[in-house]
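Reader: I'd like a close look at one part of this chain rather than a tour of the whole thing. Pick a helix, and tell me what sits around it and what leads away from it.

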Amino acid sequence: MREAPFCDKASLMLELSLQSERATLALAHSVADVLEAGDVVGLEGGLGAGKTTFTRGAVHGLGVPEEQAVTSPTFALLHHYDGRVPIGHADLYRLGSETEIEELGLDEMLEGGAVLFVEWGRKFPEMAEKTSLWVELDIVSDDERRVRLAGVGPRGDAIITALRRGLAQ
């Protein structure tokens, strides 16, 4: 199994410093505003970098009520949410093959119009190929994170372009 390098096919990127968890949630909400059915967001970063925090902000941005908990799917592998589109949040870290991913039903979710947030997706080339936006989070300090967002293909470029416009306002 070969991991695809982060951003190896990215044409547009955005790098930001996030000074707090609140800033991470706000950025994720902005990303959610431009996501569409069928989008796959790949999440990368070490333990505690903010992958689940980012996903929580995006899931709530996609219309899931704030009072609904959004937790890491590390042991469940996949969590489902109902927002303005169906939402899946998968953690592929413990999986060892593309067959195991197929058994999760991610392709069926995409065909049904879901938006997917996938942690550790670059471990699997077929999943990496479906990703239109990569989000890489790095810990700078207890509160601060550095985030790199990279669009892949025309859809990824459209997401980055819309984000740049929205953040500039």
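Author: What follows is a walk around one helix, its partner and the surroundings.

A bit of housekeeping before the walk. This is a predicted model, with local features needing pLDDT of at least 70 and side-chain atom pairs counting only at pLDDT 80 or more, while totals for chains, interfaces and linings use all residues. Numbering starts from 1 along each chain as its sequence is written, and side-chain values use heavy atoms, with hydrogens and water left out.

The part I'd pick is helix H2 (51-61); helices here are DSSP runs of H or I with at least four residues, strands are E runs of at least two, and both are numbered from the N terminus. H2 is mostly covered, with nine of its eleven residues buried (buried is under 20% relative accessible area, exposed over 50%, partly exposed in between, with a 1.4 Å probe and protein chains only). The buried set is Lys 51, Thr 53, Phe 54, Thr 55, Gly 57, Ala 58, Val 59, His 60 and Gly 61. What does the covering? H1, S2, S3, strand S4 (86-91), S5 and S6 are included in what lies over those buried residues.

H1 is worth some time. Its axis and that of H2 come within 7 Å and cross at roughly 45 degrees (axes are lines fitted to C-alpha atoms, for helices over the stretch in contact, and angles run from 0 to 180 degrees between N-to-C directions). That angle is why H1 counts as oblique to H2; under 35 degrees would be roughly parallel, over 145 roughly antiparallel, 65 to 115 roughly perpendicular, and the rest is oblique. The crossing of the pair is right-handed, meaning that the near helix is turned clockwise from the far one by less than a right angle.

Who meets whom? On the H1 side there are Glu 21, Thr 24, Leu 25, Leu 27, Ala 28, His 29, Val 31, Ala 32 and Asp 33, and on the H2 side Thr 53, Phe 54, Arg 56, Gly 57, Ala 58, His 60 and Gly 61 (contact means heavy atoms within 4.5 Å). Sorted by class, this contact has seven nonpolar, six polar and three charged residues (Ala, Val, Leu, Ile, Met, Phe, Trp, Tyr, Cys and Pro are nonpolar, Asp, Glu, Lys and Arg charged, the others, Gly among them, polar).

Now zoom in on two threonines. Thr 53, in H2, is buried at a relative accessible area of 17%. Setting aside neighbours within four places in sequence, Thr 53 is in contact with Glu 21, Thr 24 and Leu 25. Thr 24, in H1, is buried too, at 4%. Not counting residues up to four places away in sequence, Thr 24 touches Leu 18, Thr 53 and Phe 54. Thr 24 and Lys 51 are 27 residues apart in sequence, with 9.6 Å from C-alpha to C-alpha.

Past the end of the helix, H2 is followed by Gly 63, whose phi is positive, near 105 degrees. Glu 66 is in the loop between H2 and S3 and counts as exposed at 56% relative accessibility. Its C-alpha is separated by 16 Å from that of Leu 27, 39 residues apart along the chain. Leu 77 is in the loop between H2 and strand S3 (78-82), and is buried, with a relative accessible area of 15%. Leu 77 also has a positive phi of about 75 degrees although it is not a glycine. Most residues other than glycine have a negative phi.

Step back to the cores. The largest nonpolar core has 29 residues, and those with the most contacts inside it are Phe 117, Val 135 and Leu 149 (such a core is a set of buried Ala, Val, Leu, Ile, Met, Phe, Trp, Tyr and Cys residues joined through side-chain atoms within 4.5 Å). H2 is among the elements that give two or more residues to this core, and H1 gives the most, with four residues. Apart from it lies another core, of 15 residues, among them Val 40, Leu 77, Leu 78 and Val 118.
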